Amino acid sequence: MVVPADTELMRIALDEAALAPTHGDVPVGAVAALGGRILARRHNERELRRDPTAHAEMLVLVEAAQLLGTWRLEGVTVAVTLEPCPMCAGALVNGRVQRLLYGAADPKAGACGTLYDLCADPRLNHEVAVTSGVLAEEAGGLLQEFFAARRKGPAR
């Protein structure tokens, strides 16, 4: 069930996602929160950093852990505009994140219910509660616009 606070977190993640194309990155944004307090907000920076791990989710997890002084992110909610990939889903589980909210499903790499379900795999040491489809249309729209512009190529 989506509550107003979830929608508010996703709107912050969408604002972050909109920043990513300014440096050539896919528009994915994420935010980490604890008890209504924003711990971190980031967007994809793979192109910017030339780092394959610089997904928005990974960046907010690192920043939140540094702020809290622990890798155990118990009680933390992460909102991300696109369903996390296996790397990011694994990090959410390993970081002991309590909740994940995501917008658009990812049929090519989604690891939180679409292709895989790492957040709910009982064989792992932790499960993350997942709410999918939060502002999915807006999140998907950002991605569609980005990839449509890429297919067009540079203006002549």
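Me: How far does α3 reach from its first C-alpha to its last?
Reply: This is a predicted model, so take the numbers as computed from it. α3 has 13 residues, and at 1.5 Å a residue the expected reach is 18 Å. From first C-alpha to last, α3 comes out close to that, at 18 Å.

Me: And which residue just after α3 takes a positive phi?
Reply: Inside the helix, the buried residues include Met-58, Leu-59 and Leu-61. They pack against β1, β2, α2 (46-49), β3 and α4. Just past the helix, phi turns positive at about 75°, and the residue there is Gly-69.

Me: What gives the most to the largest nonpolar core?
Reply: That core has 45 residues, and Met-10, Val-78 and Leu-100 have the most contacts inside it. α1, β1, β2, α3, β3, α4, β4 and α5 each put in at least two residues. The top contributor, with six residues, is α3.

Me: Which residues from Leu-101 to Gly-103 does Met-10 touch?
Reply: Met-10 is among the residues with the most contacts inside the core. Skipping anything up to four places away in sequence, its contacts include Ala-79, Val-80 and Thr-81, plus Val-134 and Leu-135. From the stretch you ask about, it touches Leu-101, Tyr-102 and Gly-103.

Me: What is the strand order of the open sheet?
Reply: There are five strands with mixed pairing. β2 and β5 sit at the edges with a single partner strand each, so one side of each has no neighbour in the sheet. From one strand to the next the twist averages 15°. The order reads β2-β1-β3-β4-β5.

Me: Which residue of β2 stands opposite Val-31?
Reply: β1 (residues 29-34) and β2 (residues 37-43) run antiparallel, joined by six bridges. They make a hairpin with two residues in between, and Gly-35 in that turn has a positive phi of about 55°. Across from Val-31 you'll find Arg-41.

Me: And what does Leu-101 stand opposite in β5?
Reply: Here β4 pairs with β5 in the parallel sense, over four bridges. The residue opposite Leu-101 is Thr-131.

Me: How far apart are the end C-alpha atoms of helix α5?
Reply: α5 covers residues 136-152, which makes 17 residues. At 1.5 Å a residue the span should be 24 Å, and the model agrees: the ends are apart by 24 Å.

Me: At what angle does α5 run to β4?
Reply: Ala-139, Gly-140, Gly-141, Leu-143 and Phe-146 are the buried residues of α5. Their cover includes α1, β3 and β4. The helix lies across β3 and β4, and its angle to β4 is about 60°.

Me: Is Phe-147 buried or partly exposed?
Reply: The count of aromatic pairs comes to one. The rings of Phe-146 and Phe-147 have centres 5.0 Å apart and planes at 80°, so the pair is edge-to-face. Phe-146, at 11% relative accessibility, counts as buried. Phe-147 is at 33%, so it counts as partly exposed.

Me: What is the relative accessible area of Cys-119?
Reply: Cys-119 lies in the loop between β4 and β5. Beyond its neighbours within four places in sequence, its contacts include Ala-89, Val-93, Leu-100, Cys-112 and His-126. Cys-119 is buried, because its relative accessible area is 0%.

Key
Residues numbered from 1 in each chain as written. Predicted model: local features only at pLDDT ≥ 70, side-chain atom pairs only at ≥ 80, totals over all residues. Heavy atoms only, no water. Expected span 1.5 Å × (residues − 1). Buried < 20%, exposed > 50% of the residue type's maximum accessible area, 1.4 Å probe, protein only. Contact = heavy atoms within 4.5 Å. Pairing = 2+ DSSP bridges. Phe/Tyr/Trp six-rings, centres within 6.5 Å; stacked < 30°, edge-to-face > 60°. Core = buried A, V, L, I, M, F, W, Y, C linked by side-chain atoms within 4.5 Å. Axes fitted to C-alpha atoms, helices over the stretch in contact; angles between N-to-C directions.
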